[in-house]
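Hello,

Here is the structure I promised to pass on to you. Have a look at it first, and then read on for what turned up.

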Amino acid sequence: MLYREAGQFKTSYESDQALFPLRQDRIGLAVIFLTAFVVIPLAANDFFPTSIMIPFLVFALAAIGLNVLTGYAGQLSLGTGAFRGVGAYSAYKLTSIFPDANLIVVLLASGLFSAAIGVLFGLPSLRIKGLYLAVTTLAAQFFLEWCFIRIPWLYNYNASGAIEVQQREMFGIIVTGAAAAPLTQYFFALGIVVLLTWLVSNVIRGRIGREWMMIRDMDIAAELIGVRPLTAKLSAFAVSSYLCGVAGAMMVFFWLGAAEPSAFAISLSFQVLFMAILGGLGSLIGSFMGAAFIWILPVLLRSVLPSLGLEVGAETVEHLTSMIIGGLIIFFLIAEPHGLARLWRLAKEKLRVWPFPYG
Amino acid sequence: MLYDIFIDPFLQMVEQPDFLLQVLWEGFVAGILYALIALGFVLIFKASGVFNFAQGIMVVFAALTLVGLHENGVPAYLALVLTIGVMGVLAYTVERVVMRPLVNQPDIILLMATIGLTYFLVGFGEFVFGGEPKKMIAEELGLPTGSTAFDVGERGLVILQHIDIAAAVIAVLMVAGLGLFFNKTRVGRALRAVADDHQAALSVGISLNQIWAIVWFAAGIVALATGIMWGARSDVSFALEIIAFKALPVLILGGFTSIPGAIIGGLIIGFGEKIGEIYWGPLVGGGIESWLAYIIALLFLLFRPQGLFGERIIERV
Amino acid sequence: MTVLVNPERLAPGADASLKRDVLLSIDNVSLSFGGVKAITDISFNIEKGEVRAIIGPNGADKTSMLNVINGFYHPQEGTITWRGRERSKMKPYEAASQGIARTFQNVALFKGMTTLDNIMSGRSLQMHRNFLWQLLYYGPARTEEIAHRRRVEEIIEFLEIQHIRRVPVGRLPYGLQKRVELGRALAMEPELLLLDEPMAGMNLEEKEDMSRFILDVNHQFGTTIALIEHDMGVVMDLSDRVVVLDYGKKIADGTPQEVQANQDVIDAYLGVPH
């Protein structure tokens, strides 16, 4: 009985098309924001934000990026790791060339370079469809990885071949580098992710998002209705790569502090793919859920297993985690192919009638 | 610059034909090995329409089982037989636990299930066998070692490893055997029916479960052969899994459902990669092997979106 | 919305004498796939404001004909004259933007979206606010969205599908899916509406509803309709003129009465009463 829309009448189309038309959803959102912006900073020590929340935000953003391309527009992409790298290296070069530039601007601008490269590798999508398209994104992945190693200009001719983030300030507060406070970085990351998620949700509920879904479901019918497939697909590639690029830049600037080309390898692409799939393709909430699940689960296992009295080495935990995640993926696919987001929606459906069994 | 790209490499080829032959041979061998991997994918795709992402890890897993058994004192041939048995058990388990519950789901779901399987097998393999590279027991299995050098006129030598020749022979035999199996036997026909339409096949009385178990078993055998051959040339480790990604360009060229196509696709990629790397690679600092195969496949796709041997996709409304 | 019946149209074929402009003209069109000839040298036209039926024993020819008009297939020979412009190939985008809309034999709805979204998708051509406005949403993009939502709601009301607005179309029964598809085609505000077996798989009540909708579209909106249909009762009642195809060749062209009496048509398709 908690989750009913009874009594909430919409008197205009604007209110019907709002992002969260139901009061219960708005309350839920408020609770989440409260937790994110107030509770966590107050309650947590230094470890929690840096090792758990910031990576979670980074992965969630990348998962949203992948969801835009694969979940909403239906184009399979295996190159998100490399696109994240493009964003990271772009941000690094930008901040090397313009050390005084506002960091937020740098991060948001670095996504533009990924977007451009994403569009380039998305061009074949007009001719090639489905699984075959995966080869394009794989080509992008491996080619870009090679570029990260072989183009010394990218890492400022550094002897180690890695990029390291220097200390940068914004409004007098140290934001990046060893001296930056974890909470500062957390707030910046949170702000960027919230902003970008809101912007993407706007695009999805409008004409462009609809066109993406049309292309995904039946591109021939879409073409016969007057949608230009190339424009729609390329816009999906652009937006998706942009988001991955910003995620990559944040990954290096707010979380790792430094990165080698191997940080953007194909395993990263798959990690994000699992997050998107597990969370539910075609769902923004799902991206967050999937990221939380795949990122937080190993951490939980690592802390839970020893407390059960089992002395396990870190490696064994890794192995067990792999096995459990693999098993869970299969289990979820059998039980609910549409991911955690669908399970969440089903739970909400149940809440409509609870505690009664039938509505 | 144009000279470097368009003229010089060919000059180099002509100046040292023995080296060219060596490179061609290396390309040939690499191509055969890629083809073996691709073969495993083709088998499962042909019979169930599923792209078995886990094929790569199955190769590693098979090889590790073989070596692991031998390390624990089991004689080589017995270890081989036992490994085949293990792959059989794996095939049956996969069919029961993964394929059967997902029988009517769209292909993308099945693909993701195989991704999950990969994750699981990686963890399981590392758990049981440990992560260090191991040496393949090639000698103990009776595979030839050593090499022969051939004189190429007065210009020089081409060295052929015996193990490579053995790999080529085994691959060709496998392809021929599987081709016969699919086309001439009753089970093979049932497999093709299943590949076309699960439900239709069920309605004519073909037992889906049996067929899938058989196919995964066959793919397991191919994985084992692949693992042995690859492992004999470089050690057995989880890095081998990455090689499986190379199978995608091979499949694109050769078609996802064509057994001879796997060989042709493998050879094209093998040759293309090696020649590209040796003669053009140095121009850009080398290491282009990591992505050249994909670019080659991509270029082919642009001209023929269904691959070289794929069926033309006629879209209907 | 009340259904207005145009008194002039009470008898089918009654206004065959009415002079109308030709909207679409097919001239000597031939289409083949590899060695198979789907359409052989067909010529007919469609006049503005009429309901034109295309009938014939089963084959690929009728749907292929619609696909040629749409620009999905390109004929090897012949020309299409649409709105006075002659062309040998139509492109799908052109056909759509110039006012040709279509439903499909096997419902080609976007299964992952709701009814409302599916019909809104028909408005794509008319929505112009660019990406930057879409990012912001509030402002011009939303205004445009709401304006189009109003039009779509009018169509939803017209087709009486308010109750399934938010249902994902994959879950709808077949008859309702076909209705939603009609709504999506109507959302394009077409001049020419191509309907590929709109009554297929429907029971009598559903057919009556669909016929009523088709007539309303033709009378109230003035939309020209080309209709492939197998139910002879529907064809004779609804259409002004009929063209009969038999394995890719045209064997008759005229009013329903003329076609019904045509011997070739009787031999090939209609049969005689026993």
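**Pockets, cavities and interfaces**

The second largest pocket has a lining made up of 15 nonpolar, six polar and four charged residues. Please keep in mind that this is a predicted model. The space in that pocket comes to about 770 Å³. Its lining counts 25 residues, and those nearest the centre are A:Ser267, A:Phe274, A:Ser322, B:Tyr119 and B:Val122. Chain A brings H10, helix H11 (284-307) and helix H12 (314-335) to this lining, and chain B brings H5 and H10, each with at least two residues. The most comes from H10(A), which supplies six residues.

**The cavities**

How many cavities of 30 Å³ or more does the structure hold? There are five. The largest has about 220 Å³ of space. It is lined by 20 residues, and the ones closest to its centre are A:Leu78, A:Phe270, B:Phe51, B:Phe53 and B:Phe245. The elements that each give two or more residues to this lining are, in chain A, helix H6 (131-150) and helix H10 (266-279), and, in chain B, helix H3 (55-71), helix H5 (107-129) and helix H10 (240-254). With five residues, H10(B) gives the most. By class, the lining of the largest cavity has 17 nonpolar residues, two polar and one charged.

The second largest cavity has a volume of about 60 Å³. Chain A lines it with A:Ala221, A:Leu224 and A:Ile225. From chain C come C:Asn70, C:Ile100, C:Ala101, C:Arg102, C:Phe104, C:Arg184, C:Ala185 and C:Met188. Helix H8 (207-225) of chain A gives two or more residues to this lining, as do strand S6 (100-102) and helix H6 (174-187) of chain C. Eight of the lining residues are nonpolar, one is polar and two are charged.

**Where chain A meets chain B**

On to the interfaces. Here 34 residues of chain A are in contact with 44 residues of chain B. The two chains bury about 3800 Å² between them, and carbon and sulfur atoms account for 81% of it. On the chain A side, A:Tyr132, A:Trp146 and A:Met323 supply 17% of the buried area, more than any other three residues.

Which charged or polar pairs cross over? The count of salt bridges between chain A and chain B is zero, and two residue pairs are in polar contact, both partners at pLDDT 80 or more. H6, H10 and H12 of chain A are the elements that give two or more residues to the side touching chain B. That side of chain A divides into 25 nonpolar, six polar and three charged residues.

**Where chain C meets chain A**

In this interface, 37 residues of chain C are in contact with 29 residues of chain A. The area buried between the two chains is about 3200 Å², with 64% of it from carbon and sulfur atoms. The residues of chain C that lose the most area to chain A are C:Tyr93, C:Phe110 and C:Tyr137, which together make up 18% of what that side buries.

How many salt bridges are there between chain C and chain A? The count is one. It joins C:Glu145 to A:Arg210, with the closest N and O atoms 3.2 Å apart. There are also six residue pairs in polar contact across this interface, both partners at pLDDT 80 or more. Helix H2 (92-97), helix H3 (115-121), helix H4 (131-136) and helix H5 (140-159) of chain C each give two or more residues to the side that touches chain A. H5(C) has the largest share, with six residues. That side of chain C is made up of 19 nonpolar, eight polar and ten charged residues.

**Salt bridges overall**

Over all chains the count comes to 24 salt bridges. Side chains of opposite charge can pair when their charged atoms come close. One such pair is A:Glu211 with A:Arg207, at 3.4 Å from N to O. A:Glu211 and A:Arg207 are four residues apart in helix H8 of chain A, so about one helical turn separates them.

Best wishes

Definitions and conventions
Residues are numbered from 1 along each chain as its sequence is written. Chains are lettered from A and ligands numbered from 1 in the order in which they are written. This is a predicted model: local features need pLDDT of at least 70, side-chain atom pairs count only at pLDDT 80 or more; totals for chains, interfaces and linings use all residues. Side-chain values use heavy atoms; hydrogens and water are left out. Contact means heavy atoms within 4.5 Å. Buried area is the accessible area (1.4 Å probe) that two parts lose on being put together, summed over both. A salt bridge is a side-chain nitrogen of Lys or Arg within 4 Å of a carboxyl oxygen of Asp or Glu. A polar contact is a pair of N or O atoms within 3.5 Å; within protein, one must be able to donate a hydrogen and the other to accept it, and residues adjacent in sequence count only if both atoms are side-chain atoms. Ala, Val, Leu, Ile, Met, Phe, Trp, Tyr, Cys and Pro count as nonpolar, Asp, Glu, Lys and Arg as charged, and the others, Gly among them, as polar. On a 1 Å grid over the protein atoms alone, a cavity is a set of points where a 1.4 Å probe fits but cannot get out, and a pocket is an open set with protein on both sides within 12 Å along at least five of seven lines; lining residues have an atom within 4 Å of a point. Grid points are joined across faces, edges and corners, and a volume is the space filled by probe spheres set on the points.
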